[in-house]
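Please look through the structure shown here with a view to its confidence, its cores and one of its helices. The questions that follow take these topics in turn.

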Amino acid sequence: MKKGLYSRLAWTGIRKNRQLYLPYLLTCIGMVMMFYIIDYLAESPLLLQVHGGQTMKSILSLGRIVIGIFAVIFLFYTNSFLIRRRNREFGLYNILGMNKRNISRILLWETAIVAGISLICGLLLGILFSKLAELAMLKMVQAEANTSLSIAVSGLLETILIFAGIFLFLLFVSLARVRLSNPITLLRSESSGEKPPKANWILALIGLALLAAAYYLAVSIEDPISAMMWFFVAVVMVILATYCLFIAGSVVFCRLLQRNKRYYYKANHFVSVSSMVYRMKRNGAGLASICVLSTMVLVMIASTGSLFIGAEDALRSQFPQDFTVKYLFPSTDYCNEQNYAELRKLTDDAITAEKLNEIEYTQVQLAGILGDGSIALESDDYSYSDICVVYIMPLSDYNRLTGKTETLQKNEVLIYSKDEPYPYDTISIGETTQMKVKKASSFPDIYDPIIMKKYYMFVDNFASYVEGILSQLPEDERDIYYFDAFDVDVGYQTQADKTIAEITAAMDENPVFAGGEDDSYWIVSYAENKDQFYSLYGILFFLGILLSIVFVFAAVLIIYYKQISEGYEDQARFEIMQKVGMTKREIRRSISSQVLTVFFAPLVLAGVHLAFAFPIVWELIQCFGIQNLKLMIESHIGCFLIFTVLYAVVYRVTSNVYFGIVSGGRQS
């Protein structure tokens, strides 16, 4: 054949089918751009200059893997749709004398053109927006950035290699379909009839059972540890249930609508329902994909947004004072006012800043298994929800920190819980004597990085009581801690490293207990942990935004292709309807009925998924120190409302495309 014929035919095919190829090209360009941006950020040298940079790098690397896997799956889906739409064209080529080898060459050129445009435009846009993304990311994690533009050569090469491999895979799949196809079948592919699918009650019941089990799992979990263990199990069950319900349930739904004569025998309902029932199996899979993608976007943005917005609250709940110096006492012999005074003086002399709001307290920390009025130090039979942490402190510290004058009777303890109240009237720890419980209503916030269920227990005879408990523990776990926590002037808070260095130097030169061992004290800084908090929460939110953009574009493209596909399939039917008197206004009403009846089902079910996922997501969020339930609820509701508006706009636009095709206004 004439030189250059295949390339011209390929370009002509793309140009004439631009209604199909333009969204596909934009998606490919967007995937390439996003992959390069995440790769660029993961390898950015600026990450190593911020606290938690290595963690940020690991999270971005995970995002890079997610984008890569999603690109393979989604581009395979969209490419399959394009090839299906071109079947008739390829069949015509074959009838006119082209063999399968010639058609394969056209496909080779089409793939090369799409890959070239996608890589060139995607990488150019990636380079252009990579610096903007880096500045936004560093702004979120409250780190300094420079404005110099750079190109990640390794990122360019990696992006080119990965997407070249993806396009090569898509080409092989397309060639295989052409090789295995029959020319007559290809030519008649769009006019071949379909048998009306039967309602698959077994599949529908399986879907309902999976969804009910997943929902029960989500709402019944009551602790973060179990939530982490079962979250992905619940996610897989919800995804499987969604596909089962949309594939089987949508057919059942249409059949039920057909049985409702008052609804079905109307012009705007009759055409859409009778038309859709013939393609519900295919529609169900697409609608399920839209629902799953929508749910992923909602959960990601709502949860990571809550983390980012609530970072300050979480930080202050764990580190309420600017600095906390934690000293290790090897025995109760060190628990005396003389040692306390020496340690206070040590920090007074070590730092150049004035201490503000200073508090001191002594504490024994232990983990146990909560039972019926007892806390076992060892057990072979327990669930993660039974694990709790107990902080044992002197009653004198409670009175001093709260300004109260609480007293305890013999065999009585005072218990305070910040989260859920202690559920019993008595308590015994290990083999100690059963004690009556008196409930405390308040206690100041102190250093508390533990995310598990915890109780503050105040006792009158601290030394003698804890000795009985510590004697039950291994020797290397019999630890008592003295805390000296304080704030400093606002201008001095940022000098956390200097303060820590000053205290460390003083401790190394003047050890007053435990032989001056390296693990005899720890210095905890609010400012130092603030950088780590914002690095982690900021990068999670940033990655959530990037992935959500990708998933939103994917959902929009599925919606668009569904409308086009159904538009071409319904075009002949609506032409007949117009010939027998159906007006364009009635066609539009029928289209609106179809959209409202079925295409908003993914949004409704995504909202239901989000509502049932909330309890388990809330448990997971608490693992990051977030305790603001109101913020979580508001972020979930806000995200759903915003997404609903976006969803409605997309369907409005795509339904216009559908209307243009079926009414004969837009054809290609």
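**Confidence and cores**

Q: Which elements of the protein chain have the lowest and the highest mean pLDDT?
A: pLDDT is the predictor's confidence in each residue, from 0 to 100, and helices (H or I, at least four residues) and strands (E, at least two) are DSSP runs, numbered from the N terminus. The lowest mean, 53, belongs to helix 7 (residues 183-187), and the highest, 93, to strand 5 (residues 412-416).

This is a predicted model, in which local features need pLDDT of at least 70 and side-chain atom pairs count only at pLDDT 80 or more, while totals for chains, interfaces and linings use all residues. Residues are numbered from 1 along each chain as its sequence is written, and side-chain values use heavy atoms, with hydrogens and water left out.

Q: Over which residues does pLDDT stay under 50?
A: For the protein chain the mean pLDDT is 78, with 77% of residues reaching 70 or more. Where pLDDT is low, the predicted coordinates should not be read in detail. The model has 12 contacts (heavy atoms within 4.5 Å) beyond four places in sequence for the stretch where pLDDT stays under 50, residues 513-517.

Q: Which helix gives the most residues to the largest nonpolar core?
A: A nonpolar core is a set of buried Ala, Val, Leu, Ile, Met, Phe, Trp, Tyr and Cys residues joined through side-chain atoms within 4.5 Å, where buried means under 20% relative accessible area, exposed over 50% and partly exposed in between (1.4 Å probe, protein chains only). The largest such core has 140 residues, of which Tyr24, Phe163, Phe443 and Phe458 touch the most other members. With 22 residues, the element that gives the most to this core is helix 19 (residues 526-579).

Q: Which residues does phenylalanine 163 touch, not counting those up to four places away in sequence?
A: Phe163 is one of the four residues that touch the most other members of the largest nonpolar core. Beyond four places in sequence, the residues that phenylalanine 163 touches are Met31, Val32, Phe35, Ala71, Leu75 and Leu119.

Q: Within what arc do the buried residues of helix 16 fall?
A: In helix 16 (residues 462-470), the buried residues are Phe462, Tyr465, Val466, Ile469 and Leu470. The arc is that of the directions from the helix axis to the C-beta atoms. Seen down the axis of helix 16, these residues line one face of the helix, because they fall within an arc of 130°.
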